[in-house]
Amino acid sequence: MSMKEKSVLCLGAAGFHRMAYTEWGAPDAARTLVCVHGLTRNGRDFDTIAAALEDGYRVICPDIVGRGRSDWLRDGTQYQNPTYLADLVTLLARAGANEVDWLGTSMGGILGMLMASMPGSPIKRLIINDVGPFLPKPALERIASYTGTAPDFDDIGVLEAYLREVHAPFGDLTDQQWRHMAEASSREVDGGKVALAYDPAIGDNFRAGPLDDVDMWGEWDAIRCPTLVLRGESSDLLLSEHAEEMTRRGPKAELAEITGCGHAPALMDPEQIALIRDWLAK
């Protein structure tokens, strides 16, 4: 395992902030894979798949600002896609990556779609994990109900139990994987307690306006790179009819359904990792 912890200085509307990331594999590898996490998660979610792919890739896994080891923004209203995209472009420049493959879970998949839809995009192959160009209001309301509302926890075990409940749709993870997720998702707070490692203002901003369906089919139709869509079989965020439409429009993606998962497959299972490895090797 060759994980290296790094960071890059980024500029946003409220000043400079530092974005942390982990890097795996040889710095001079022929191909770079960028792995971007979901709304309240962080780059350590990809430790398992990064370790499995580092023999052929340089793998870069950022903590999007406000999550993990990255700084929190001074202005919580700036937790928006334009901020994240600008930071990610800064990261690619730091890495010297003119072309990348992209693996994005949920929010990370949305950011991948947006970046891949733009002229001159550096994304050459795109894997989207359980998200699409249509986000249904009920799923957004479910996510909003727990984002930024978690209490402090007495210890890491209680935090782990919370994650097991909230993220049960991630699939059948081992005890070791749940513990890893808890340890990589925690921060110490006053009184010896622990909390989730993200800025609660992310939840406030997510709920700031009235939630409604989100339609990004225009962006989807502009994507031209080879694309693979992964869907948890019981996902409420990527509905089956929308996943099927993604195979007919835009990049005409390949679709793979992951059994035993909802939103979103954790991509820690050997079969899920093999699916991604084989598709990238085409």
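Let's start with Asp221, which is found in helix α8, residues 217-221. Keep in mind as we go that this is a predicted model. Is Asp221 buried, partly exposed or exposed? Asp221 counts as partly exposed because its relative accessibility is 29%, and the buried label needs a value under 20%. Now look for Gly250. Asp221 and Gly250 are 29 residues apart in sequence, yet their C-alpha atoms are 3.7 Å apart in space.

Okay, let's move to the sheet. How many strands does it have, and in what order? There are 8 strands in an open sheet, and the order is β1-β2-β4-β3-β5-β6-β11-β12, with mixed pairing. At the edges we have β1 and β12, the latter covering residues 254-258, and each of them pairs on one side only. From one strand to the next, the twist averages 20 degrees.

I'd like to walk you through some of the neighbours, beginning with β2 and β4. Strand β2 is residues 15-24 and strand β4 is residues 58-62, and the two pair in the antiparallel sense over 4 bridges. If you want landmarks, Glu23 stands opposite Ile60 in β4, and Tyr21 stands opposite Pro62 in β4.

Let's stay with β4 for a moment. How many of its residues are buried? The count is 5 of 5, and β4 is mostly covered. That goes for both faces: Arg58, Ile60 and Pro62 are buried on one side, and Val59 and Cys61 are buried on the other.

The next pair is β3 and β4, which run in the parallel sense with 3 bridges. Here Leu33 has Val59 as its bridge partner in β4. To get from β3 to β4, the chain passes through helix α1, residues 47-53, in a right-handed β-α-β crossover.

Leu33 comes up again when we look at β5. Strand β3, residues 32-36, pairs with β5 in the parallel sense over 4 bridges, and the bridge partner of Leu33 in β5 is Asp101.

So how covered is β5 itself? Strand β5 is residues 100-105, and 6 of its 6 residues are buried. On one face, the buried residues are Val100, Trp102 and Gly104; on the other, they are Asp101, Leu103 and Thr105.

Next comes β6, residues 123-129, which runs parallel to β5 and is joined to it by 6 bridges. Val100 has Ile123 as its bridge partner in β6. Between β5 and β6 the chain goes through helix α3, residues 107-116, and this β-α-β crossover is right-handed.

On to β11 and β12. Strand β11 is residues 227-232, and it pairs with β12 in the parallel sense over 5 bridges. Arg231 is a handy marker, standing opposite Glu257 in β12. Together with helix α9, residues 240-246, β11 and β12 make a right-handed β-α-β unit.

Last stop, the surface. Which residues make the nonpolar patch? They are Leu9, Leu11 and Phe16, and the patch has an area of about 310 Å². Leu9 lies in strand β1, residues 4-12, which is one of the edge strands we met earlier. Leu9 counts as partly exposed because its relative accessibility is 42%, and the exposed label needs a value over 50%.

Conventions: Residues numbered from 1 in each chain as written. Predicted model: local features only at pLDDT ≥ 70, side-chain atom pairs only at ≥ 80, totals over all residues. Heavy atoms only, no water. Patch = residues over 30% accessible without salt bridge, like charges linked within 9 Å, V, L, I, M, F, W, Y side chains within 5 Å. Areas by Shrake-Rupley, 256 points an atom, 1.4 Å probe, with all protein chains shown as cover. Salt bridge = Lys/Arg side-chain N within 4 Å of Asp/Glu carboxyl O. Buried < 20%, exposed > 50% of the residue type's maximum accessible area, 1.4 Å probe, protein only. Pairing = 2+ DSSP bridges. Right-handed = clockwise from strand over helix to strand, strands pointing away. Axes fitted to C-alpha atoms, helices over the stretch in contact; angles between N-to-C directions.
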